[in-house]
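Work through these exercises with the sequence and the model side by side. Try each task before reading its solution.

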Amino acid sequence: AIVPGIEDPGGLVAELAGARHAYVTGMSEEPAASPGSAARTDDEATRQAYRDHEVRGGGPVIHEAELLEGPGAEGTAVLRVVTSMAEHELEDAQGRITTVPATEPIEVRLSLRWDGARWLIDAAEEQLGSAGGASD
């Protein structure tokens, strides 16, 4: 199988992050993480946690995206991503609404796998103390 290049890391990451957010919040039935991956396990747990809530607004914000490795012939790629979540509201089954504030940007190492048709997330590991250069 031909593994496509990643010409627009920011666009790809935004698309994947949006698809992942839609899946974990129950707006989509299409997972963005590859089967059997750490990311898929995380997503299923998050999806369960959101099961009795409706999510309004918000979603992931991609501040930076940079290709670190690949894509290689084996169909994997690694990207450095700085991301945050926009403010959103959660409504529970009783109609109570909680406002969830926006998060600070964090740096994430995103591992992707080409499944023959599209890129899927294998892992998203937060890189502690590295975002925004505030570690001094």
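**Exercise 1. Compare the span of helix H2 with its expected span, then find its buried side.**

Solution.

Step 1. Locate the helix. H2 covers residues 38-49, twelve residues in total. Helices are DSSP runs of H or I with at least four residues, strands are E runs with at least two, and both are numbered from the N terminus.

Step 2. Check the span. From first C-alpha to last, H2 reaches 17 Å, close to the 16 Å expected at 1.5 Å a residue. The expected span is 1.5 Å times one less than the number of residues.

Step 3. Sort by burial. Ala39, Asp43 and Arg47 are buried in H2. Buried means under 20% relative accessible area, exposed means over 50%, and partly exposed lies in between (1.4 Å probe, protein chains only).

Step 4. Explain the pattern. These three cover an arc of only 70° around the axis, so they sit on the same side of H2. The arc is taken from the directions from the helix axis to the C-beta atoms. An α-helix has 3.6 residues a turn, so residues three or four places apart point the same way.

Step 5. Look at both faces. The buried residues pack against helix H1 (9-24) and strand E5 (119-126). The face turned away from them carries the exposed residues Thr41 and Ala49.

A note on the source: this is a predicted model, in which local features need pLDDT of at least 70, side-chain atom pairs count only at pLDDT 80 or more, and totals for chains, interfaces and linings use all residues. Residues are numbered from 1 along each chain as its sequence is written, and side-chain values use heavy atoms, with hydrogens and water left out.

**Exercise 2. Find the salt-bridge partners of Asp43 and Arg47, and state the burial of each residue involved.**

Solution.

Step 1. Apply the criterion. A salt bridge needs a side-chain nitrogen of Lys or Arg within 4 Å of a carboxyl oxygen of Asp or Glu. The structure holds 13 of them.

Step 2. Take Asp43. Its side chain meets that of Arg20 at 2.7 Å, N to O. The pair links distant parts of the chain: Arg20 is in H1 and Asp43 in H2, 23 residues apart. Both Arg20 and Asp43 are buried.

Step 3. Take Arg47. Its partner is Glu29, with the closest N and O atoms 2.7 Å apart. Glu29 lies in the loop between H1 and H2, 18 residues from Arg47. Glu29 counts as exposed because its relative accessibility is 61%. Arg47 is buried, at 18%.

**Exercise 3. Which residues does Leu12 touch beyond its sequence neighbours?**

Solution.

Step 1. Place the residue. Leu12 lies in helix H1. It is buried, with a relative accessible area of 14%.

Step 2. List the contacts. Not counting residues up to four places away in sequence, Leu12 touches Ile6, Leu112 and Trp119. Contact means heavy atoms within 4.5 Å.

Step 3. Check the sequence gap. Leu12 and Trp119 are 107 residues apart along the chain, yet their C-alpha atoms are separated by 8.5 Å.

**Exercise 4. Trace the pairings of strand E2 and inspect its two hairpins.**

Solution.

Step 1. Start with E1. E1 (residues 54-69) and E2 (residues 76-91) pair in the antiparallel sense over 13 bridges. Two strands pair if DSSP finds at least two bridges between them. Val61 has Ser84 as its bridge partner, and Ile62 stands opposite Thr83.

Step 2. Add the other partners. E2 pairs with E4 (residues 106-114) over eight antiparallel bridges, with Leu79 bridged to Leu110. E2 also pairs with E3 (residues 97-100) over four antiparallel bridges. There, Glu89 has Thr99 as its partner.

Step 3. Inspect the turns. The E1-E2 hairpin has six residues between its strands, and Gly70 has a positive phi of about 80°. A cis peptide bond joins Gly70 to Pro71, with omega about 0°. In the E2-E3 hairpin, with five residues between the strands, Gly95 takes a positive phi near 85°. Most residues other than glycine have a negative phi, and most peptide bonds are trans.

Step 4. Finish with the charges. Glu54, Arg56, Glu89 and Glu91 are linked in a network of salt bridges.
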